[in-house]
Amino acid sequence: MLYQIYEAQRALIEPFSDLAAAAAKACGNPHTLLGRIPMAPRISAGYALMHRLGKDYEKPEFGIRNIDIDGVLVAIDERVEMDKPFCELRRFKRFSDDPATLAKLKTQPPVLIVAPLSGHYATLLRDTVRTMLEGHKVYITDWKNACMVPLSEGEFHLDDYVNYVQDFIRHLQKTYGNCHIVSVCQPTVPVLAAVSLMASRGEKTPTTMTMMGGPIDARRSPTAVNNLATGKSHAWFRNNVIYRVPSNYPGAGRRVYPGFLQHAGFIAMNPDRHASSHYDYFKDLIKGDQSSAETHRKFYDEYNAVLDMDADYYLETIKTVFQDFSLPNGTWDVRAPNGKLERVRPQDITGTALLTVEGELDDISGSGQTEAAHDLCTGLTRKEQHHLEVKGAGHYGIFSGRRWREKVYPHIKAFIAENAGADIHEENRRHTRAAIRVGVPAPETPAAAPAPARKAPRRTAQAKAKAEASTEAKARTTRTKTRASTKATQAPAAPKASAAAKAKAPAQDSPSSPSPRRRARQTGAKP
């Protein structure tokens, strides 16, 4: 019933919000009659703030049209690579007319960014995607609003989340040979489970895993979020925060955890900070500081846009991650698409480098919660394990803003590059095989080039002369033997030589024996 009350309230406030937006424009324009009345800037700012507080925030778009790579403007084409009932795998394909830039783009490693399914849309990682595009082929999971998914598509469980991630990894492995995976906040847990299950089955696992600000072990440094989950029973969550989608949505009748409740929880964590931010926005409008006002609008357009989560997924996440701590305890079983239960064993992961990132001031995932992944992945060597703590960064600072761009991303880029050598070679081989399939001559490599027919070695003049001299000597020896044999048959028998003479005279059948003519010269007799 609460969902229906919220929808009725939203429908009631929406016309007044639109009227406030029109009044803000009229009072803010000095060329209109309302814009010339006393205190018009304050009135305009008040109406603008009223519009922001009452408007309905829809899903924003990524809006990444182009990026700058080493001074070259590269066009971005956002496309849906895979479409599942509860998630889309989006690819940001880069295009360039510059041959050198294009060659560089083709050799850069592919990265799968797994966005959180915890109330906000994947566009919350817009800055993450934009920055990663400078040096990587980027894919991201774009989770759908559960109220927009018809009941005919079935339920969505935490196990389905894990299976989705495995399918996306396999898709990138089929395309590029292998990939790197980056998970932000909530998905660190199902991503670690997905990679663990693939390792246990003997499948190829991603080259690297980067886990940022996630509750791998929520028992460490518990925050307000952790305390809320552990302070209430599982039955309390099922009875108090789960509602059915109203009839004006495609997913009518689906049991969900509404996004507006999650948003209320976000605001309740830091109410003073949000109130101060809105008051600063009001003052910026009065002063005419449009740059600061636009920054405020962009942040809250993203922050206030929330989605519903399927009830089964939400309740299972609460129980598995925040109440039973099944992953660090080694008691988590995931149901595969074929219905078989499989135990999650992070210790089976080998050969996949691991990087964990935490913010020093993170008030959502406490210190040490993400770093706990190293204690679970005992199959990795020390060289394959890395950890980064970002000084002065809160939860959002590790994947968005200045600290992300200046401190975190360079570290992740170097980490991926250090382990991406094998992927680049595999990608080059893939391009070669693809070129052969379509009949395009592939670049010649020593391994692929056919062995040329062996040619007879070219003889030098000296070798040629030596060979001719050897042939002439053999012929001369043969002629000498023939003459000696003929003369021996015609001459009378010679007296027997003494033993000393026999020992002194060389054997005639030896190739080095002197000819009869030379022997005659030696004895003084005529031949």
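**A tour of the predicted model**

Select residues 437–464: here pLDDT (the predictor's confidence in each residue, from 0 to 100) stays under 50, and the model has five contacts (heavy atoms within 4.5 Å) beyond four places in sequence for this stretch. This is a predicted model, in which local features need pLDDT of at least 70, side-chain atom pairs count only at pLDDT 80 or more, and totals for chains, interfaces and linings use all residues. Residues are numbered from 1 along each chain as its sequence is written, and side-chain values use heavy atoms, leaving out hydrogens and water.

Next, select residues 425–431, where pLDDT also stays under 50 and the model has nine contacts beyond four places in sequence. Over the protein chain, pLDDT averages 85, and 80% of the residues score at least 70.

Go to helix α5, residues 158–176 (helices are DSSP runs of H or I, at least four residues; strands are E runs of at least two; both are numbered from the N terminus). Its 19 residues reach 27 Å from first C-alpha to last, close to the 27 Å expected at 1.5 Å a residue (1.5 Å times one less than the number of residues). G177 follows α5 and has a positive phi, near 95°.

Now select D70, in the loop between β1 (66–69) and β2 (72–84). D70 is not a glycine, yet its phi is positive, about 55°. Is D70 buried or exposed? It counts as exposed, at 62% relative accessibility (buried means under 20% relative accessible area, exposed over 50%, partly exposed in between, with a 1.4 Å probe and protein chains only).

Last, select C185, in the loop between β6 (180–184) and α6 (188–201). C185 is also not a glycine and has a positive phi of about 70°. C185 is buried, with a relative accessible area of 12%.
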